[in-house]
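Biologist: Could you take one part of this model and walk me through it slowly? I am new to reading structures, so a close look would help.

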Amino acid sequence: MTSESANGNGVIKVEDKTYRKFEIKTGQYDEKSLTDEAKYVLNFVHAWLNNNKEFSFQTSGSTGKPKKIVLSKEVLSYSAQQTLKFLGLDGITDLNMLLCIPPQFIGGTMMVVRALESKANLEVI
């Protein structure tokens, strides 16, 4: 991806542009020129880095009527850490991850959380 990740803080690449976390945290991105998926990822990361405590999601409705759920940052973080541990990815430096499913659903959002928790580079396609 890029050598900017050598410090172990990871970078996020969306639509051929690479953002460092401090750029996202301080809102240094232009939403007007982004796709809905890119906006979602950058806005989610912005909220995560600025210590939002809860996040709202829409369920898919695969087991019934779609509904809104609210999950705490603590629960999302714990889930991501446990997945990284199970996969043997915890503690690996300079890790690269690919988000190739819709980020607006919980599975895609959890990929973003795993990248944040592991300080991995994330490329969104």
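**A close look at helix α4**

Modeller: Happy to! In this predicted model, 10 of the 13 residues of α4 are buried, so the helix is largely enclosed by the rest of the structure. You can find α4 at residues 106-118. Let's start with its length. With 1.5 Å for each residue, a helix of 13 residues should span 18 Å, and the C-alpha atoms at the two ends of α4 are indeed 18 Å apart, so expectation and model agree.

Now for the buried residues themselves. They begin with Gly 108, Thr 109, Met 110, Met 111, Val 112 and Val 113, and then come Arg 114, Ala 115, Leu 116 and Ser 118. Here is a handy idea to keep in mind while you turn the picture: an α-helix has 3.6 residues a turn, so residues three or four places apart point the same way.

What does the covering? Helices and strands both take part: the elements over the buried residues of α4 include the helices α1 (21-25), α2 (36-49) and α3 (73-86). The strands β3 (54-58), β5 (96-99) and β6 (121-124) are also among the elements that cover these residues. Try picking out each of them in turn around the helix.

Finally, follow the chain out of the helix. Just after α4 comes Lys 119, which takes a positive phi of about 60°.

One of the covering elements, β3, deserves a brief stop too. Ser 56 lies in this strand, and at 45% relative accessibility Ser 56 counts as partly exposed. Beyond its neighbours within four places in sequence, Ser 56 is in contact with Lys 68, Ile 69 and Val 70.

Methods
Residues numbered from 1 in each chain as written. Predicted model: local features only at pLDDT ≥ 70, side-chain atom pairs only at ≥ 80, totals over all residues. Heavy atoms only, no water. Helix = DSSP H or I, 4+ residues; strand = E, 2+ residues; numbered from the N terminus. Expected span 1.5 Å × (residues − 1). Buried < 20%, exposed > 50% of the residue type's maximum accessible area, 1.4 Å probe, protein only. Contact = heavy atoms within 4.5 Å.
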